[in-house]
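Hi everyone, thanks for making time for this. Let me put the structure up on the screen, and then I'll walk you through it.

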Amino acid sequence: MSSIEVKNLSKSWGEIEAVKDVSFVVPEKSFTVLLGPSGCGKSTILKMLSGLETVTSGSIKIKNRDVTNLEASKRGVSMVFQSYALFPHLNVKENIQFGLKVRKVPAAEREKRVAEAANAVGLSDLLDRKPSNLSGGQRQRVALARSIVSDQSVCLMDEPLSNLDSKLRAEMRDEIRDLQQRLGLTVVYVTHDQVEAMSMADQIILLNSGQIVQKGAPEEIYNYPNSIFSAQFIGLPPMNILNLKKIDITALSNENQKKIEISKNSINLGIRPEHLNFSKKGLPVTVKGIDYFGGETVFKISHLEQNFFLREPRQPKIHLDDKLNISWDPEDMHLFKKNNQRFIS
Amino acid sequence: MKDNVRNFQGWLLFAPAAILLLAFTHYPTITTFLNSLYTNKSIIRPRRFSGIEGYESMLSDPIFWKVFANNMWLALGTIPTSIGLAIIMALIVNKAIPGRGLLRMAYFTPTMLPMIAVANIWLFFYAPEIGLIDQATSIFGFESTNWLGSPSTVLPSIMVMTVWKEAGFFMVFYLAGLQTISPELEEAAKLEGSSRWNYFWRVQYPLLLPTTLFVLINAFLNSFKLVDHLFVLTKGGPDNASNLILYYIYETAFAFLDVSYASALTIFLLVLLALTALAQFLFIEKRVHYR
């Protein structure tokens, strides 16, 4: 069953089109990530879902109810803001129960729900604190608790982890995902961080300049990027893109040559850094740089003026300016047509 | 030796500020205090020490009590109203409405005008028969009123003008206060179903408390400091009905030439204002939430 259905959604301010004809479905109790570079319209879509931004055209359905022109508070959604949007003059408890008071929930029930929500995010001991006396992670938890306590099954999150340091971010990632599963929430999560998207999402909706580039499960987008944008936005370092006209195709293995030949009008070849191997035969390259990360080593290599990356789990005995050959399996090779779209055989 | 040079340089740097402060603040304060303890010098009588006689006569001076009460009424009558108006105006011009810049300027204009000019404008409003207010009310058949000439209406008239003059000034502080509140707070409240009014009372108003405190103290101090308009409008009359402490001090010192008594009044005003400032630092500040 679908929880949110977005059809042909557009938003423009005068001449500027921020969101162009976007359609997607968010299944119930799933975790959907709107991913894209800044300015791609992802936050605008989230705001239109929440009702804080008006819709130019298109429709939004939440739980089979058309909410396109409905007030924010009547849509049955809760939201976690990038800056947490905690009320600085209210303590943690008052912050959590703000909405319940507005909705005139009886005191006894309020107490119970606040206690449950605070417990769920591990804030039970901090209820009397003011936001200014909390750490970034704790503030984030208050924002989550406020969202949980509202008892709405749809939760919208706008880059909730972008103000945290990287260690805390990894912890909160797990925690949010865990919370979503435990409480059976339908989450729409906006981020520009592909790591967050890959590790948390059931479904990624990749956006660029107001349009959907690709949607699907993380592994689907990773393994079958439908365009160069998609291929390069996900993965770190990004997928290598080589212009077929500028590489020595004759040096490739027979299978690879055959695959390239079939896709006659392809002009770019894409290959992930971890799918490249140093080998006796294959494309001749020169090592231009070595970045050692402990768990892996990333080599910057070049072939006929084209630079790209190769990722190795170990640290092989290779030095700068070494001249080597690389090869790859044909199934790991992606081919892209002139319009930067994937070639599908 | 080197230390001495350094010390000398230090004093040299300190000197400009110290000299100005001593010459124009501390020295006059001390001489005013001393003057209040002595009688006036005249051709026939030399100056003599009179102790607290000046202060005693102040307590038994009905005019002093009258002007002090006037001042308090003025404060009470103008401060809450101008603060209320200032908040409303700030809320209006904080929104994205067409002509916002123009509206902000319009609200702020009375503040930019010198008090004497403001008084002249309002003198025309209040003039009996030919004044704007009387002309407007005469349309509905009301009798002409001498707003500034009768003891019962003169102080309220001055209050209205003061509110007009001050509200725009306070609006600027509230506007600044409102703009430090993150717009995400409003969105969060909206999502929870909070009405405009509820959001104002539960979020904006409490977050504006530091501003309110600041404005409150300033408004109180201003209500004692602003007297320029009295020179144009009423000269404190009729029968001291619009007289204020500072104007009374001016009259005592420069019209009645009673320097001793004027000094005593000045010291009283000084202590009153100093206590107000102290109250701000010691008591109220602790109760107000600061970010």
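How far apart are the mean positions of the positive and negative charges of chain A? They are 3 Å apart, counting 46 positive and 40 negative charges. Please keep in mind that this is a predicted model.

Now for the overall picture of chain A. The C-alpha trace spans about 75 × 45 × 35 Å along its principal axes, and the secondary structure comes to 10 helices and 18 strands. Of the 345 residues in chain A, 51% are buried. The accessible surface is about 16200 Å², with 47% of that belonging to carbon and sulfur atoms. If we take contacts with a separation of 6 or more, 67% of them are between residues 24 or more positions apart.

Let's go inside, to strand β3 of chain A, residues 31–35. Five of its five residues are buried. On one side we have A:F31, A:V33 and A:L35, and on the other A:T32 and A:L34, so to speak two covered faces. What does β3(A) pair with? One partner is β8 of chain A, residues 186–191, which runs parallel to β3(A) and is joined to it by five bridges; there, A:T32 stands opposite A:V188. Another is β9 of chain A, residues 203–208, also parallel, over four bridges. In that pairing A:L35 has A:L206 as its bridge partner.

On to the salt bridges. The whole structure has 17 of them over all chains, and I've picked three.

In one of them, A:K11 meets A:E53, with the closest N and O atoms 3.6 Å apart. A:K11 sits in β1 and A:E53 in the loop between α1 and β4 of chain A, so this pair ties together parts that are 42 residues apart in sequence. A:K11 is buried at 5% relative accessible area, while A:E53 is partly exposed at 22%.

Next comes A:R141 with A:E175, where the closest N and O atoms are 2.7 Å apart. This pair links helix α5 to helix α6 of chain A, 34 residues apart. A:R141 is buried at 17%, and A:E175 is partly exposed at 25%.

My last pick is A:E171 with A:K167, at 3.6 Å, N to O. These two are four residues apart in helix α6 of chain A, so about one helical turn separates them. Is A:K167 buried or exposed? It counts as exposed, at 61% relative accessibility, whereas A:E171 is partly exposed at 37%.

Technical notes. Residues are numbered from 1 along each chain as its sequence is written. Chains are lettered from A and ligands numbered from 1 in the order in which they are written. This is a predicted model: local features need pLDDT of at least 70, side-chain atom pairs count only at pLDDT 80 or more; totals for chains, interfaces and linings use all residues. Side-chain values use heavy atoms; hydrogens and water are left out. Buried means under 20% relative accessible area, exposed over 50%, partly exposed in between (1.4 Å probe, protein chains only). Contact means heavy atoms within 4.5 Å. Accessible areas come from the Shrake-Rupley method with a 1.4 Å probe; for residues, only the protein chains shown count as cover. Lys and Arg count as positive and Asp and Glu as negative; His and the chain ends are not counted. The place of a charge is taken as NZ of Lys, CZ of Arg, CG of Asp or CD of Glu. Two strands pair if DSSP finds at least two bridges between them. A salt bridge is a side-chain nitrogen of Lys or Arg within 4 Å of a carboxyl oxygen of Asp or Glu.
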